[in-house]
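Here are a few short exercises to work through with the model open in front of you. Try each task before you read its solution.

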Amino acid sequence: MSDTEDDIEISFTVKFLGRVEVVHPNGLNILEEAAQNLKTPDPYSSDKAAKKSKVHLFVSLSGIDMLENKTKFLLYTCPLPTISFCAVLPSSPKVFGFVAKHPAVDMYHCYLFKSETLAYVLVSAIGDVFRAAKKEESVRGSRDLIVEALRHKNKMLQKENSELKKRLADKNNQQ
């Protein structure tokens, strides 16, 4: 890893089971309900129709991108701040997923994937990226506070300097 953590990126190929609209942003029960929903056939849902294709997941500090494995067509992109939950499905240890808020409207989607051997490792890796992003955000936030404090101090010193210059000018005018 370099001095900046901007180049953190994890990529892997998994089976995409589908995307389901959910009512809550987190919880294992949401993953269970989404998995159950995907098992129910729905010919009108394009999200369900696209299920069980291999996708390439790119996980970075900016978010998670899902590309169709053969064509590399971008299926979905989820900015990291919109993702609220990620876990392995307890009832099916090869299945994992995450919940993300839609960036434009007030709704959540659960994205489910299957990996024959790496589900826990992948969820752990995604968690590591979240922690790195939070750490970077915290460092950036601390820097912002320091910069803001210095700006305020500078403003106060400039004001004091102006007042002292005025006093000096007044004193010189009196003599």
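**Exercise 1. Find out whether Asp106 is buried or exposed, and which residue it forms a salt bridge with.**

Step 1: Check the accessibility. Asp106 has 67% relative accessibility, so it counts as exposed. The cut-offs are these: buried is under 20% relative accessible area, exposed is over 50%, and partly exposed is in between (1.4 Å probe, protein chains only).

Step 2: Look for the partner. Lys101 forms a salt bridge with Asp106, and their closest N and O atoms are 3.7 Å apart. To count, a side-chain nitrogen of Lys or Arg has to be within 4 Å of a carboxyl oxygen of Asp or Glu.

Step 3: Check the other end. Lys101 is partly exposed, with a relative accessible area of 29%.

Before going on, two notes on the model. It is predicted, with local features needing pLDDT of at least 70 and side-chain atom pairs pLDDT 80 or more, while totals for chains, interfaces and linings use all residues. Residues are numbered from 1 along each chain as its sequence is written, and side-chain values use heavy atoms, leaving out hydrogens and water.

**Exercise 2. Work out which residues are joined into one network by salt bridges that share partners.**

Step 1: Start from Glu116. A salt bridge links Glu116 to Lys114, with the closest N and O atoms 3.9 Å apart. Lys114 is partly exposed, at a relative accessible area of 29%.

Step 2: Put the pieces together. Lys94, Lys114 and Glu116 make up one network of salt bridges with shared partners.

Step 3: Look at the Lys94 link. The closest N and O atoms of Glu116 and Lys94 are 3.0 Å apart. This pair links distant parts of the chain, 22 residues apart: Glu116 is in the loop between strand 7 and helix 3, and Lys94 is in the loop between strand 5 and strand 6. Helices (H or I, at least four residues) and strands (E, at least two) are DSSP runs, numbered from the N terminus.

Step 4: Count up. The structure holds 3 salt bridges.

**Exercise 3. Describe how strand 5 and strand 6 pair.**

Step 1: Get the direction. The two strands, 5 and 6, pair in the antiparallel sense over 5 bridges; pairing requires at least two bridges found by DSSP.

Step 2: Pick a bridge. Cys86 has Phe98 in strand 6 as its bridge partner.

Step 3: See what connects them. Strand 5 and strand 6 form a hairpin, with 6 residues between them.

**Exercise 4. Find which element gives the largest share of the largest nonpolar core.**

Step 1: Identify the core. It has 27 residues, and Leu57, Met66, Phe96, Phe98, Tyr111 and Phe113 have the most contacts inside it. A nonpolar core is a set of buried Ala, Val, Leu, Ile, Met, Phe, Trp, Tyr and Cys residues joined through side-chain atoms within 4.5 Å.

Step 2: Find the contributors. Elements supplying at least two residues each include strand 1 (9–22), strand 3 (63–68) and helix 3 (119–174). Helix 3 gives the largest share, 8 residues.

Step 3: Spot the other core. Another core, of 16 residues, lies apart from this one, and Leu31, Leu89, Val99 and Leu112 are among its members.

**Exercise 5. Say what is notable about phi of Lys72.**

Step 1: Locate the residue. Lys72 is in the loop between strand 3 and strand 4.

Step 2: Read the angle. Phi of Lys72 is near 65°, a positive value in a residue other than glycine. Most residues other than glycine have a negative phi.
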